[in-house]
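This report describes the architecture of one protein chain. The sequence and the coordinates are shown first.

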Amino acid sequence: MPFDLIVVTFGFSLLTPNVYRVNVNLDRTSSGFCIGVQGTIYEAEEKLREKGRLFSFGDVVHNEVEVKRLEDLGLVTVDEAGFKELKNAEVLIRAHGEPPSTYRIAKENNLTVTDTTCPVVSRLQRTTRMLFELGYQIIIYGKQTHPEVIGINGQCNNQAVIIKHADLSYPEEIAGLDLTKKSALISQTTMDVPGFYELKKNLEKLFAEALSLEATPWMAIRDIDITADITGVRPMPTLVFKDTICRQVSSRNQKLHDFSLANEVVIFVAGKKSSNGQVLYNICKDANPRTFFIEDIDEFQESWISNSDGNLVENVGVCGATSTPMWHLEKVALHIEQFAQKNSSH
Ligand code: SF4
């Protein structure tokens, strides 16, 4: 089995040869902090050790238990209003990144910035700036209010068209689209890959219909030589896309799918605000309908790991999002393990 196992054996009797086992399988290969979040937490802890106090603009990670742990070490989370009022302080920019206006305010207020924007997000921000400067209308597959999307939109003067529903079923999301303009489709890093390509297909159709043309696939930016446009050799294509979904997230999809199939019950642990948590939870739930989402152990229901005959299941999987700390997954696994042991003695 490809996953690390915590195995609980209970219910052993000399009179009956049955050995009842509950395997609590903790997924260490495709759950837990991604590299971007690890970088942020590492920097935050280092600063807190040095200074004892650090301000974070927004939740340092979309996981309340981890935020609480860092707040106990001296981290102070501020919202937008609180950030604008801060002066002469140390402030952390988290992995999601920020729009240019945040850096302007930090400079005006004499804030020392610890910038932990994830390199994947930095690259996406740079791509957005470049495309915008080349005259493209920016279309983002993402969630309007997600901090990363706010940061990306800031790179194009807040003029991006942001679409969350790949089937274009929300007319208000596409009301601002100029179908005659050269356009570039990109994505929030934590959106789902199939949704991105569904949106691309629907946009290809929409733009083609508006221009009375036959729908043709948009060009991938990686296949375009920008210098050809800059040097005047050949103009850039008018409709382009870049799949900017983070593979730290999407590469986990198949593994979590398989992990969910391999367990009778899956306990998925993540913060309710975690976008990536929602995507990965849905993947687990699709693979195994007996998947349950919890933010913390108090939401766990013991009945979830019982079969209809009242017996406990044999395999319980514990997994989570890129924003779920491994220590927390271990805590949840241990709790289930202890419950199983306790239950066996009755
Ligand atoms: S999910 Fe990807 S883009 Fe987002 S913080 Fe993690 S590594 Fe960076």
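The text below covers confidence, overall layout, domains, the ligand shell, the nonpolar cores and two individual residues.

**Confidence and overall layout**

The model is predicted. The pLDDT averages 90 over the chain, and 93% of the residues score at least 70. Residues 1-19 have a pLDDT below 50, although this stretch makes 31 contacts in the model beyond near neighbours in sequence. Where pLDDT is low, predicted coordinates should not be read in detail.

The chain has 346 residues, of which 40% count as buried. Its C-alpha trace spans about 85 × 55 × 35 Å along the principal axes. The secondary structure consists of 12 helices and 14 strands. Among contacts between residues at least 6 apart in sequence, 67% join residues at least 24 apart.

**Domains**

The domain assignment divides the chain into domain 1 (4-33 + 249-344), domain 2 (35-117) and domain 3 (120-241). Between the C-alpha centres of domain 2 and domain 3 the distance is 30 Å. In the contact between these two, 10 residues of domain 2 meet 10 residues of domain 3. On the side of domain 2 that touches domain 3, three residues are nonpolar, six are polar and one is charged.

**The ligand shell**

Around the ligand there are 15 residues, and those that come nearest are Cys34, Gly36, Cys118, Val120 and Cys246. By type, the shell divides into nine nonpolar and six polar residues, with no charged ones. Helix 1 (35-51), helix 5 (119-133) and helix 10 (247-261) each supply at least two residues of this shell. The largest share, three residues, comes from helix 1.

**Nonpolar cores**

The largest nonpolar core has 51 residues; Ile138, Ile139, Ile140, Ala184 and Leu185 touch the most other members. This core lies between domain 2 (35-117) and domain 3 (120-241), because both give residues to it. Another core, of 27 residues, lies apart from it and includes Leu256, Leu280, Tyr281 and Ala340.

Isoleucine 138 illustrates the packing in the largest core. Leaving aside neighbours within four places in sequence, isoleucine 138 is in contact with Thr128, Leu131, Phe132, Cys156, Gln159, Ala160, Ala184 and Ile186.

**Two individual residues**

Valine 37 is placed in helix 1, whereas glycine 32 is found in the loop between strand 2 (20-26) and helix 1. Is valine 37 buried or exposed? Valine 37 is buried, because 27 other C-beta atoms lie within 10 Å and the cut-off is 20 or more. Glycine 32 has 24 C-beta neighbours inside 10 Å and therefore also counts as buried.

Outside the four nearest places in sequence, valine 37 is in contact with Val61, Ala95, Thr322 and Ser323. With the sequence neighbours again left aside, the contacts of glycine 32 are Gly320, Thr324, Pro325, Met326 and Leu329.

For each of the two residues, the table lists one partner with the separation in sequence and the C-alpha to C-alpha distance.

| Residue | Partner | Separation in sequence | C-alpha to C-alpha distance |
|---|---|---|---|
| Valine 37 | Valine 60 | 23 residues | 8.7 Å |
| Glycine 32 | Leucine 329 | 297 residues | 7.8 Å |

Glycine 32 and leucine 329 are thus listed at 7.8 Å in space while being 297 residues apart in sequence, and leucine 329 is also one of the contacts of glycine 32.

Definitions and conventions. Residues numbered from 1 in each chain as written. Predicted model: local features only at pLDDT ≥ 70, side-chain atom pairs only at ≥ 80, totals over all residues. Domains from an automatic or database assignment. Contact = placed C-beta atoms within 7 Å. Nonpolar A, V, L, I, M, F, W, Y, C, P; charged D, E, K, R; others polar. pLDDT = per-residue confidence, 0-100. Near = placed C-beta within 6 Å. Helix = DSSP H or I, 4+ residues; strand = E, 2+ residues; numbered from the N terminus. Buried ≥ 20, exposed ≤ 12 C-beta atoms within 10 Å, placed from the backbone. Core = buried A, V, L, I, M, F, W, Y, C linked by C-beta atoms within 7 Å.
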